[in-house]
Amino acid sequence: MPHLTIEYTANLEASADMGTLCTTLAATLVALRHDDGAALFPVAGTRVMAWPAPHFAVADGQPDRAFVYLNLLITPGRSPAMVARAGEAVLASVKAHLAPVFAAHAVGLTLQVHEGAPVYEGKHNNLAAHLTPA
């Protein structure tokens, strides 16, 4: 972990460049550090995914209304201050990326950070073996 999922209204598809946003947010998460300089999140566990909602009604239902909802799921064990730092960094990256979208559309933006300890977690993964050492 972290796993960051993004849901957004399909009317943003042409203007939001969600692929670049995913890449930017992955870099934001990987760059976060504890006060001692250690990585806040593991590189190999970082996932950022986005899906458009083709059917939606936002606020008063006008077709130009839009939303972007981000859900950051992390495993427990980080201090509340570090969780807040992660949330603020993600939100700042999203706001910077979407500034032109906010200038042209009425948009609701929400980020929620959830800590979850899985009841069962099965893994099979060779990502770390393919990463370039830092």
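Is Ile6 buried or exposed, and at what relative accessibility? Let us start there and then work through a few exercises together.

This is a predicted model, in which local features need pLDDT of at least 70, side-chain atom pairs count only at pLDDT 80 or more, and totals for chains, interfaces and linings use all residues. Residues are numbered from 1 along each chain as its sequence is written, and side-chain values use heavy atoms, with hydrogens and water left out.

**Exercise 1. Place Ile6 and give its burial class.**

Step 1: find Ile6 in strand 1, residues 3–9. Strands here are DSSP runs of E with at least two residues, helices are runs of H or I with at least four, and both are numbered from the N terminus.
Step 2: read its relative accessibility, 0%, which makes Ile6 buried. The classes are buried under 20% relative accessible area, exposed over 50% and partly exposed in between, with a 1.4 Å probe and protein chains only.
Step 3: look across to Met49, which is 43 residues away in sequence while the C-alpha atoms lie 6.1 Å apart.
Step 4: put this in context: of the 134 residues in the protein, 28% are buried.

**Exercise 2. Write down the overall architecture.**

Step 1: count five helices and four strands.
Step 2: follow the chain to obtain the pattern β-α-α-β-β-α-α-β-α.
Step 3: add the dimensions: the C-alpha trace spans about 45 × 30 × 30 Å along its principal axes.

**Exercise 3. Describe how helix 2 and helix 3 pack.**

Step 1: take helix 2 (18–31) and helix 3 (residues 80–97), whose axes come within 10 Å and cross at roughly 150 degrees. Axes are lines fitted to C-alpha atoms, for helices over the stretch in contact, and angles run from 0 to 180 degrees between N-to-C directions.
Step 2: classify the angle; helix 2 and helix 3 are therefore roughly antiparallel. Under 35 degrees counts as roughly parallel, over 145 as roughly antiparallel, 65 to 115 as roughly perpendicular and the rest as oblique.
Step 3: note the hand of the crossing, which is right-handed. Right-handed means that the near helix is turned clockwise from the far one by less than a right angle, and left-handed that it is turned anticlockwise.

**Exercise 4. Examine two residues with positive phi.**

Step 1: recall that most residues other than glycine have a negative phi.
Step 2: check Asp17, a non-glycine residue with a positive phi of about 45 degrees. Asp17 sits in the loop between helix 1 (13–16) and helix 2, and is partly exposed at 41% relative accessible area.
Step 3: check Ala59, where phi is near 55 degrees. Ala59 belongs to the loop between strand 2 (47–53) and strand 3 (65–74), and counts as exposed at 78%.

**Exercise 5. Characterise the largest pocket.**

Step 1: state its volume, about 210 Å³. A volume is the space filled by probe spheres set on grid points joined across faces, edges and corners.
Step 2: name lining residues, among them Met1, His3, Ala44, Arg47 and Asn125. On a 1 Å grid over the protein atoms alone, a pocket is an open set of points where a 1.4 Å probe fits, with protein on both sides within 12 Å along at least five of seven lines; lining residues have an atom within 4 Å of a point.
Step 3: sort the lining into three nonpolar, four polar and three charged residues. Ala, Val, Leu, Ile, Met, Phe, Trp, Tyr, Cys and Pro count as nonpolar, Asp, Glu, Lys and Arg as charged, and the others, Gly among them, as polar.
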